[in-house]
Number of protein chains: 2
Amino acid sequence: MGKALIIGAGGVASVVVHKCVQVPDVFEEICIASRTKSKCDALKEKLDGGRTKIQTAQVDADNVDELVELINSFKPDIVINVALPYQDLTIMDACLATGVHYLDTANYEPLDTAKFEYKWQWAYREKFEEAGLTAILGCGFDPGVTGVFSAYAQKHYFDEIQTIDIVDANAGDHGYPFATNFNPEINIREITANGRYWENGEFIETPPLSEKRVYDLPEIGPKDVYLLYHEELESLAQNIKGIKKIRFWMTFSEKYLTHLRVLENVGMTSIEPINFEGQEIVPLQFLKAVLPDPASLGPRTKGKTNIGCIFQGVKDGEEKTYYVYNVSDHQECYREVGSQAISYTTGVPAMIGAMLLLKGEWKKPGVYNVEEFNPDPFMEALNEYGLPWQEDFNPELID
Amino acid sequence: MGKALIIGAGGVASVVVHKCVQVPDVFEEICIASRTKSKCDALKEKLDGGRTKIQTAQVDADNVDELVELINSFKPDIVINVALPYQDLTIMDACLATGVHYLDTANYEPLDTAKFEYKWQWAYREKFEEAGLTAILGCGFDPGVTGVFSAYAQKHYFDEIQTIDIVDANAGDHGYPFATNFNPEINIREITANGRYWENGEFIETPPLSEKRVYDLPEIGPKDVYLLYHEELESLAQNIKGIKKIRFWMTFSEKYLTHLRVLENVGMTSIEPINFEGQEIVPLQFLKAVLPDPASLGPRTKGKTNIGCIFQGVKDGEEKTYYVYNVSDHQECYREVGSQAISYTTGVPAMIGAMLLLKGEWKKPGVYNVEEFNPDPFMEALNEYGLPWQEDFNPELID
């Protein structure tokens, strides 16, 4: 049916590639491209032999000319961007220049600020519309499936959704006293940044980790969840008509927070170099060297994730609640695609979004967030491609 | 009256020197000697101008010949050893070779083991006796004053002491989230080593920090106290006749323990070098470089210490309890001698022990722990020289 250029060669890209080759009628040809071609070649080597033809390429995704050249040479129908969020705009520019559809999983974030917002990408709406091209933004799990869940709830169960609580729980255990899945600097930022939620038409800030609840998650059990800002709040606030309140909750264990706080207290997370025996060393860099290699966590992580949305609203004049969620098992994900659930839950929806676009079901000229498309074929595909969802019409609510 | 050679130039040595010059009739001349003469000179400069004559010298306290040469040149009546515990034996050897009395504040500890025991120093008993010389061991606060307190209780209040609980509380606050007064490696060892206490003629081991109580300390309030091994248990078990049980308790805050445990968990307290950008770096060394300089803590430490002994026993056929303790204030100590209470409470008793020896009140040929001398003049001197004690005849007991 079509050709996809996948930019990126990290954990999520690996999942996307694994899943694309499971649907060779849709993804007849793919090209895996990243700054380090050897990583793409390693991926290709693992997956060659199926019906999908795989090629690889070297590309600097910061460079529009290089991207245009690669696209013109491979001639894909869609670019699946699972590179760094800093590179969204250069890749969108290259898609416009070459007439190719676009999909990503995380919104653009300028390198020099810590602020993620859709405004830079939404500014491309007219350009994509005029070019007759579709750009699908934030098509991972959260953002991504959380938007699809919201559109599905809206379509089938509510006349008006009043509140959405997104709950993202990772109950994985890697067996180390402390390790981070990714850059500890980002983890620190997550827990030291102000929270933010949408209520009655505006965003309200809360002190870092000040809003805490205990939520009893299906298949996981009761966990501490903390209110954070997350990028889908911005688009859902605009796209779910009549919405009064949207909050995002993430689990952090007391142990995890204690470790991060202590390391911050003693200065080990600082990015200011200190003088050590006549040499300038950044404490955070040294900490990374002491901590377990994030790449070593995959095979040893046990337990499950549970990500879902709890809705409150009105249907036929009656109060109504609805909870839809996916539970993924780290070890099952690892067995299937060689990545644990964090990457899996992000990569599978990216493949599904690209598939629906190629099939024409999610094709409409412009720049869109996922909740602006028909959720039904996506919900079906989640069940088919490894992220089955479950429903609860009488869920515990978060006060 | 006499001349004292003070070996060491650290925090405790500084206190000893400050206090000696307050008693110029006893300490007519002192010599401050250490590996780094400039430190001794700096001390001398601060204190010159009183009636005590001060000189300084460079000496390697590991080297008996160097020590003998220095002693023969200065001709002291006593050597006050406030150098490293590894150097007790070389200094005792030099004292024997030159016919000079000896006093220290911490028992000998071989460099290659973590075990402190009196056996190495007690082996010098006959030699000192035959030479007509006095060696006073462990004359700081604990060991030291805790032994004097025990002898005093025995002499004045009990026919038989059955139990002693030594409680060492430091409620000082330096205002940092975490810092160590000394080597973090030693702190780690303290909290990860088994506890040990004396009961019915033998030592009983307990898992690290497994014995915890809350004790309400005068002028400090309720604190978590943990059972540890401490060196005076060995000598008190031998010297307090009829004793059934001796325990040592030290305060650690939950915050302090959490910081140490996290740093241990992530590997930052390891002494195994790791490869960092092609270079071998010991994590503990790097941690030390990140933590506040221990020397910076003195001027900013507020709050008090409380160290004392709780006795239970029998007098005239009646059950009796007795608690004697000293409370010191970090800032008052710092104002008086430029060191906070940890060094102050160790240095003052060393000066007092040396003074009593020079006055002939604590002079008897042989090697002795402090509880083997008459406690009365020492108790008087504590009140006079900055470590006043208080008594409670109805103290809270530790179960």
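Is Glu219(B) buried or partly exposed? In this predicted model, Glu219(B) counts as partly exposed, because its relative accessibility is 46% and the class of partly exposed residues runs between 20% and 50%. Glu219(B) belongs to the loop between strand 10 (212-217) and strand 11 (221-228) of chain B, and its backbone has a positive phi of about 65° although the residue is not a glycine.

Chain A offers another residue of this kind in Leu209(A), which is not a glycine and yet has a positive phi, near 60°. Leu209(A) sits in the loop between strand 9 (202-206) and strand 10 (212-217) of chain A, and with a relative accessibility of 12% it counts as buried.

Loops also hold the cis peptide bonds described here. In chain A, the bond that leads from Asp142(A) to Pro143(A) is cis, with omega near 10°, and Pro143(A) is placed in the loop between strand 6 (134-137) and helix 7 (145-156) of that chain. In chain B, the bond from Asp142(B) to Pro143(B) is likewise cis, its omega being near 10°, and Pro143(B) lies in the loop that joins strand 6 (134-137) to helix 7 (145-156) of chain B.

From the loops we can turn to the helices, beginning with helix 1 of chain A. Ser14(A) is part of this helix, which covers residues 11-20, and Ser14(A) is buried because its relative accessible area is 8%, below the cut-off of 20%. When neighbours within four places in sequence are left aside, the contacts of Ser14(A) are with Leu43(A), Val337(A) and Ser339(A).

Helix 1 of chain A also packs against helix 13 (residues 341-358) of chain A, the two axes coming within 8 Å and crossing at roughly 50°. Helix 1 of chain A is therefore oblique to helix 13 of chain A, and the crossing of these helices is right-handed. On the side of helix 1 of chain A the contact involves Gly11(A), Val12(A), Val15(A), Val16(A), Lys19(A) and Cys20(A), while helix 13 of chain A contributes Ser343(A), Tyr344(A), Thr346(A), Gly347(A), Val348(A), Ala350(A) and Met351(A). By character, the residues of this contact between helix 1 and helix 13 of chain A divide into eight nonpolar, four polar and one charged.

A helix pair in chain B can be read in the same manner. The axes of helix 3 (residues 64-74) and helix 4 (residues 88-98) of chain B come within 9 Å, with a crossing angle of roughly 45°, which means that helix 3 of chain B is oblique to helix 4 of chain B. Helix 3 of chain B passes helix 4 of chain B in a right-handed crossing. From helix 3 of chain B, the residues Val64(B), Leu67(B), Val68(B), Ile71(B) and Asn72(B) meet Thr90(B), Ile91(B), Asp93(B), Ala94(B), Cys95(B), Ala97(B) and Thr98(B) of helix 4 of chain B. The residues of this contact comprise eight nonpolar, three polar and one charged.

Helix 10 allows a check of geometry in each chain. In chain A, helix 10 (residues 254-265) has twelve residues, so at 1.5 Å a residue the expected span is 16 Å, and the end C-alpha atoms are indeed 16 Å apart. Its buried residues are Tyr256(A), Leu257(A), His259(A), Leu260(A), Val262(A) and Leu263(A), and the helix is followed by Gly267(A), whose phi is positive, near 95°. For helix 10 (residues 254-265) of chain B, the twelve residues should span 16 Å, which agrees with the 16 Å between its end C-alpha atoms. Buried in helix 10 of chain B are Tyr256(B), Leu257(B), His259(B), Leu260(B), Val262(B) and Leu263(B), and just after this helix Gly267(B) has a positive phi of about 95°.

Two further helix residues complete the tour. Pro377(A) is located in helix 14 (residues 375-384) of chain A and counts as buried because its relative accessibility is 14%. Beyond its neighbours within four places in sequence, Pro377(A) touches Leu356(A), Glu361(A) and Trp362(A). In chain B, Ala131(B) belongs to helix 6 (residues 125-131) and is partly exposed, with a relative accessible area of 39%. Ala131(B) is 87 residues from Lys44(B) in sequence, and the C-alpha atoms of the pair are 32 Å apart in space.

Technical notes. Residues are numbered from 1 along each chain as its sequence is written. Chains are lettered from A and ligands numbered from 1 in the order in which they are written. This is a predicted model: local features need pLDDT of at least 70, side-chain atom pairs count only at pLDDT 80 or more; totals for chains, interfaces and linings use all residues. Side-chain values use heavy atoms; hydrogens and water are left out. Helices (H or I, at least four residues) and strands (E, at least two) are DSSP runs, numbered from the N terminus. The expected span of a helix is 1.5 Å times one less than its number of residues. Buried means under 20% relative accessible area, exposed over 50%, partly exposed in between (1.4 Å probe, protein chains only). Axes are lines fitted to C-alpha atoms, for helices over the stretch in contact, and angles run from 0 to 180 degrees between N-to-C directions. Angles under 35 degrees count as roughly parallel, over 145 as roughly antiparallel, 65 to 115 as roughly perpendicular and the rest as oblique. A crossing is left-handed if the near helix is turned anticlockwise from the far one by less than a right angle, and right-handed if clockwise. Contact means heavy atoms within 4.5 Å. Ala, Val, Leu, Ile, Met, Phe, Trp, Tyr, Cys and Pro count as nonpolar, Asp, Glu, Lys and Arg as charged, and the others, Gly among them, as polar.
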